[in-house]
Amino acid sequence: MAYLSIQNIRKKFNKIEVLKGINLDINKGEFVCFLGPSGCGKTTLLRIIAGLEENDSGVILINEKNITHLQPSERNLSMVFQSYALFPNMTIYENIEYGLKKKIKDKKLRNKKIEEVLLLVNLEHISDKYPDEISGGQQQRVSLARAIALEPNILLLDEPLSALDAKVRENLRKEIKEIQKKLKITTIMVTHDQEEALTMADRIAVINGGEVIQFGTPKEIYDSPKDIFVADFIGKINFITSNEEVFAIRPEKIEFSLEGDKNSLKGKIKTIEFRGAFYRIGVEVLEEILYIDIISQKWERLTLKLKDTLYIKLNNGMKL
Ligand SMILES: Nc1ncnc2c1ncn2[C@@H]1O[C@H](COP(=O)(O)OP(=O)(O)O)[C@@H](O)[C@H]1O
Ligand SMILES: [Mg+2]
């Protein structure tokens, strides 16, 4: 039995249905990402789980208990937002203490808990600073510490990394994942960033237009996308349409050689794009451009140039 069971959740805003019957079963300790384009309903679904928004129909169970009509405060869930939502007039320490006062009445025990979570997010040395005296990444760590201190049943994160610089984002990704694993806390993170979802999630729910299109491990989603939308939204992919059938292949899965055999297609190099770790090569085959990703080291050894011939094989593709 799932720990968190989301059953047939529907929601309308101004007569427009933004959630069209969402079903998801999430296990205890699992890290799930809701991934989808802007406006697809991710935040609305998260807010319904948190009790901040009311659903029109459907139920939510935690440990088989129906929580659909409980107040947010009765659900024991913590939420972290993209905007850190810290109190500017309180120190880091006081920010974390604020929400804990009700839960841990004993000052000493409370101190202990605060020190514990500060240590967890590596902020013990700046606990007496104010939010505007620390960086965005540190502020988001405070929000995380504050959420974790409450020992929630489920941690809900709504695009927590979106406002941060690439480097900080990458570090915090790892930290959040480590903390989540260490505490084995059931976590749902909303993101529109496919790379974030692929690197962090145990399972990804790909959402589009208020529906869950596919729910699976990052590898399942990447290697066996259920439809064209999922294939296209996650990673780069080539589509080849023939006789109303769509065939798809990832750029790194295309095999190529300088001399063809009877199973290869002859192509002509049309574009060469340097991407750092790899090159993305556009090859014209059968009047279509297919993109091939080739590790830089390998490509540079080949010393190929525009208009040169390349033979490719498509046996690692998939039918959609
Ligand atoms: N309070 C609201 N009132 C009216 N429409 C809303 C409200 N909240 C969200 N929406 C609409 O619902 C849809 C889904 O929004 P949202 O859940 O925020 O998407 P996402 O988080 O995936 O970007 C959007 O079309 C949005 O404009
Ligand atoms: Mg959102």
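**Exercise 1.** Which helices and strands are included in what covers the buried residues of H4?

*Solution.* Keep in mind as you work that this is a predicted model.

- Step 1: Find helix H4, which runs over residues 136-149 and has 14 residues.
- Step 2: Pick out its buried residues, counting a residue as buried if 20 or more other C-beta atoms lie within 10 Å of its own. In H4 these are Gln139, Gln140, Arg141, Val142, Ser143, Leu144, Ala145, Arg146, Ala147, Ile148 and Ala149.
- Step 3: Look at what covers them. You will find strands S6 (77-80) and S7 (154-158), along with helices H2 (92-100), H3 (107-120) and H5 (166-183), included in that cover.
- Step 4: Draw the conclusion: because 11 of the 14 residues of H4 are buried, the helix is largely enclosed by the rest of the structure.

**Exercise 2.** Compare the span of H4 with the expected one, then inspect the residue just after the helix.

*Solution.*

- Step 1: At 1.5 Å a residue, 20 Å is expected for H4.
- Step 2: From first C-alpha to last, the helix reaches 20 Å, close to that expectation.
- Step 3: Just past the end of H4, Glu151 has a positive phi of about 45°.

**Exercise 3.** Describe the shell around ligand 1 and the part H1 plays in it.

*Solution.*

- Step 1: List the surrounding residues: Phe13, Asn14, Val18, Gly36, Ser38, Gly39, Cys40, Gly41, Lys42, Thr43 and Thr44.
- Step 2: Sort them by class, which gives seven polar, three nonpolar and one charged.
- Step 3: Ask who contributes the most: H1 does, with three residues.
- Step 4: Now look along H1 (residues 42-50), where Lys42, Thr44, Leu45, Leu46, Ile48 and Ile49 are buried. Just after this helix, Gly51 takes a positive phi of about 90°.

Technical notes:
Residues are numbered from 1 along each chain as its sequence is written. Chains are lettered from A and ligands numbered from 1 in the order in which they are written. This is a predicted model: local features need pLDDT of at least 70, side-chain atom pairs count only at pLDDT 80 or more; totals for chains, interfaces and linings use all residues. Helices (H or I, at least four residues) and strands (E, at least two) are DSSP runs, numbered from the N terminus. The expected span of a helix is 1.5 Å times one less than its number of residues. A residue is buried if 20 or more other C-beta atoms lie within 10 Å of its own, exposed if 12 or fewer, and partly exposed in between; C-beta atoms are placed from the backbone. Two residues are in contact if their C-beta atoms, placed from the backbone, lie within 7 Å. A residue is near a molecule or strand if its C-beta atom, placed from the backbone, lies within 6 Å of it. Ala, Val, Leu, Ile, Met, Phe, Trp, Tyr, Cys and Pro count as nonpolar, Asp, Glu, Lys and Arg as charged, and the others, Gly among them, as polar.
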